[in-house]
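Got the viewer open? Let's take a short walk, one selection at a time.

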Amino acid sequence: MKLANEHLFVTGGATGIGAAIVHDALEQGAKVSFCDTNIEAGMAYQSELISSGAPAFFHQGDVSQFESLEKSFNASVAHFGNVTKLVNNAGVNANYDAVTMTDQQWNDFFNVDLKSVWHTAKCALPAMRAAKNGAIVNISSLHASMTIPGYFPYAAAKAGVIGLTKNLALDEGKNGIRVNAISPGYILTPLLRSWFDTAPHLEQAALDVQPLGRMAQPSEVAKVVSFLLSNEASFINGAEIMVDGGLHTRFAS
Ligand SMILES: NC(=O)c1ccc[n+]([C@@H]2O[C@H](COP(=O)([O-])OP(=O)(O)OC[C@H]3O[C@@H](n4cnc5c(N)ncnc54)[C@H](O)[C@@H]3O)[C@@H](O)[C@H]2O)c1
């Protein structure tokens, strides 16, 4: 029970990697609250968890709107007490052309994939600082360091998440708060499926480059998240952990 007596807040916890993070943290003894824009999936997941006796709490919240995020965060604190662990997981893909992408599209996307990481930390840090204890994990991507054509905003936002993580690790270390990032490779979630569905060759091409010959299940990311949040990772701070089956080592063919 790595996370006994902890209260974890997860953004985008209704499906995919976020849902697996919620599940694993509950198995590790945490009380877990999560927000998501997908109210149907969030409510269904909350019911499933509560019916099995798990201390889970869902609140609809859009991380790209500070007021909405803050409302979800405060409702979670009212339900389970101060948040002691935070995972910034909510994210969307961004496939654009550098000439035709509009400022509005850029801002809408960056509000989800980068600004929200700061905003959620802004909500969580005061209580963590007061307790002189806390841990944050930010979900970045392999795209922060190596990417594919057409994903320049996604690559930029995810690289921004790594920079933000390293700087917060420096700033908050003295407050007893560790801040780390995970960069997943190909994880089988609805987000990845929506990308594979854009062209018939993509799934096989992605499979062909995997050093382990397969893509990952969301639970394989979630277990690393629970470890980084726990005291077992007590001296890991400012790290970017690749959970990509070794894909980042590939140079060509
Ligand atoms: N799946 C992969 O292969 C992969 C690889 C690298 C990084 N990631 C990152 O992992 C994270 C989770 O991705 P996933 O694959 O599980 O995606 P997903 O689409 O399956 O799940 C993301 C969840 O976030 C929610 N969400 C989206 N926008 C939101 C918002 N504004 N406010 C609140 N919730 C919001 C969605 O409703 C969804 O439930 C993302 O940050 C993504 O960029 C995923």
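Start with β1: His7, Phe9 and Thr11 point one way from the strand, Leu8 and Val10 point the other way, and all are buried. Buried here means 20 or more other C-beta atoms within 10 Å of the residue's own, with C-beta atoms placed from the backbone. Strands are DSSP runs of E with at least two residues, helices are runs of H or I with at least four, and both are numbered from the N terminus. In a regular strand, side chains alternate between the two faces of the sheet.

Before moving on: this is a predicted model, where local features need pLDDT of at least 70, side-chain atom pairs count only at pLDDT 80 or more, and totals for chains, interfaces and linings use all residues. Numbering runs from 1 along each chain as its sequence is written.

Keep β1 (residues 7-11) selected: five of its five residues are buried, so the strand is largely enclosed by the rest of the structure.

Now add β2. It runs parallel to β1, joined by five bridges (strands pair if DSSP finds at least two bridges between them). Look for threonine 11 opposite cysteine 35 in β2.

Next, bring in β4 (residues 85-88), which pairs with β1 in the parallel sense over three bridges. Here phenylalanine 9 faces leucine 86 of β4.

Last stop, the ligand. Which residues come nearest, of the 29 around the ligand? Gly12, Gly16, Gly91, Thr189 and Leu191 do; being around the ligand means a C-beta atom, placed from the backbone, within 6 Å. Colour α1 (16-27), β2 (31-36) and α6 (190-196) too: each supplies at least two residues of the shell.

Technical notes. Buried ≥ 20, exposed ≤ 12 C-beta atoms within 10 Å, placed from the backbone.
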